Amino acid sequence: MVKITRSDERHHANFGWLDTHWHFSFDSYYDPENTNWGALRVFNDDTVEPGQGFGTHPHRDMEIVTYVLSGELEHQDSHGHRGVVHPGEVQVMSAGTGIMHSEYNHSKENPVHFIQLWILPRIRGLKPRWEQRRFSRDQRAGKLLPVVSGGDLPGTLAIDQDAQIYVSALASGQEVVHTSKAGRQAYLFVTEGSVEVNGARLSAGDQARIADETKLKILSQQGAELMLLDLPAQR
């Protein structure tokens, strides 16, 4: 099963300083029929204006992953971590027993466009943790590059969940194949260009919620950038 949600079908809100698309029930957008996909609880596609951002706020018992598409995102938290996330870099924050943090556009001139997703942890009450790493476009060119895992894939940032996150940059006509175990779910988001996944076409901003498909064939129709999540089944 490949269920597609088109870009213009996502919940959209523009607050002036923040232009956002929320893929799941979040904040002021409430939909009890759209709260998660497997262990994936939040998937937000955010653009923040120069010098603006999210003031200090709390999180608890959530694995939060941020992937910057363009611009620069500055992070600070109550455990003394501070960093600027650049395009292609991935940041992981395990909120655990509780953490306060803020996120701002580091630039005073250019907007920052990023994906932030929240994954439910396996264990509650862990010690908060933060980490970020750069992954180049060359590393993800022509393949599915694993950037986040439960700690079982070399070279990835670790979260407390049996989930994997891949990024890919495909030239026109390139194909990649992902194989997962039976009973798993997948989530595909196209950030640029267009692809076919098992025959279903997706363009930039489109998402696919995938179940009962152990092999995914992803064919680029034109130059494409995408994220793919391999997730535990619905919970």
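Reader: Which strands each supply at least two residues of the largest pocket's lining?
Author: This is a predicted model, and in it β3, β4, β5 (53-59) and β11 (112-119) each put at least two residues into that lining.

Reader: How many residues line the largest pocket, and which lie nearest its centre?
Author: The lining has 15 residues. Nearest the centre are Leu18, Trp22, Phe26, Asn44 and Phe54.

Reader: And what's the lining like by class?
Author: By class, you get 7 nonpolar, 5 polar and 3 charged residues.

Reader: How much space lies in there?
Author: The largest pocket holds about 250 Å³.

Reader: Back to β3 for a sec. Why is strand β3 called largely enclosed by the rest of the structure?
Author: Because 4 of the 5 residues in β3 (residues 18-22) are buried, and buried here means under 20% relative accessible area.

Reader: OK, what does β3 pair with on the β4 side, and in which sense, parallel or antiparallel?
Author: Strand β4 covers residues 40-48, and 5 bridges tie β3 to it in the antiparallel sense. In one of the pairs, tryptophan 22 has asparagine 44 of β4 as its bridge partner. Both Trp22 and Asn44 are also among the residues nearest the centre of the largest pocket.

Reader: Nice. How many bridges are there between β2 and β3?
Author: There are 4, and again the sense is antiparallel, with β2 spanning residues 11-14. Histidine 12 is matched with histidine 21 of β3 there.

Reader: What's going on in the hairpin of β2 and β3?
Author: It has 3 residues between the strands, and glycine 16 has a positive phi near 90°.

Reader: Zooming out, what order do the strands take in the open sheet?
Author: 7 strands make up the sheet, ordered β2-β3-β4-β11-β6-β9-β12, with antiparallel pairing.

Reader: Which are the edge strands?
Author: β2 and β12 (129-134) are the edges, and each of them pairs on one side only.

Reader: What does the twist average from one strand to the next?
Author: It averages 15° per step from strand to strand.

Reader: How many bridges join β6 to β9?
Author: That pair has 5 bridges, between β6 (residues 63-70) and β9 (residues 89-94), running antiparallel. Threonine 66, for instance, has glutamine 91 of β9 as its bridge partner.

Reader: Switching topic: what volume does the second largest pocket have?
Author: Its volume is about 180 Å³.

Reader: Which residues line the second largest pocket?
Author: The list is Asp152, Leu153, Asp162, Gln164, Tyr166, His178, Thr179, Ser180, Lys181, Arg184 and Asp230. Strands β15 (164-170) and β16 (175-179) each contribute at least two residues to this lining.

Reader: How does that lining split by class?
Author: It comes out as 2 nonpolar, 4 polar and 5 charged residues.

Reader: Last thing, closed voids. How many cavities of 30 Å³ or more does a search of the whole structure find?
Author: The search turns up 1. The volume of the largest cavity is about 30 Å³.

Reader: What lines the largest cavity?
Author: Ser180, Arg184, Gln185, Ala186, Ile210, Ala211, Asp212 and Glu213 do. Ser180 and Arg184 also appear in the lining of the second largest pocket.

Reader: Which strands each supply at least two residues of the cavity's lining?
Author: Those are β17 (185-197) and β19 (207-211). By class, the cavity lining divides into 3 nonpolar, 2 polar and 3 charged residues.

Conventions: Residues are numbered from 1 along each chain as its sequence is written. This is a predicted model: local features need pLDDT of at least 70, side-chain atom pairs count only at pLDDT 80 or more; totals for chains, interfaces and linings use all residues. Side-chain values use heavy atoms; hydrogens and water are left out. Buried means under 20% relative accessible area, exposed over 50%, partly exposed in between (1.4 Å probe, protein chains only). Two strands pair if DSSP finds at least two bridges between them. On a 1 Å grid over the protein atoms alone, a cavity is a set of points where a 1.4 Å probe fits but cannot get out, and a pocket is an open set with protein on both sides within 12 Å along at least five of seven lines; lining residues have an atom within 4 Å of a point. Grid points are joined across faces, edges and corners, and a volume is the space filled by probe spheres set on the points. Ala, Val, Leu, Ile, Met, Phe, Trp, Tyr, Cys and Pro count as nonpolar, Asp, Glu, Lys and Arg as charged, and the others, Gly among them, as polar. Axes are lines fitted to C-alpha atoms, for helices over the stretch in contact, and angles run from 0 to 180 degrees between N-to-C directions.
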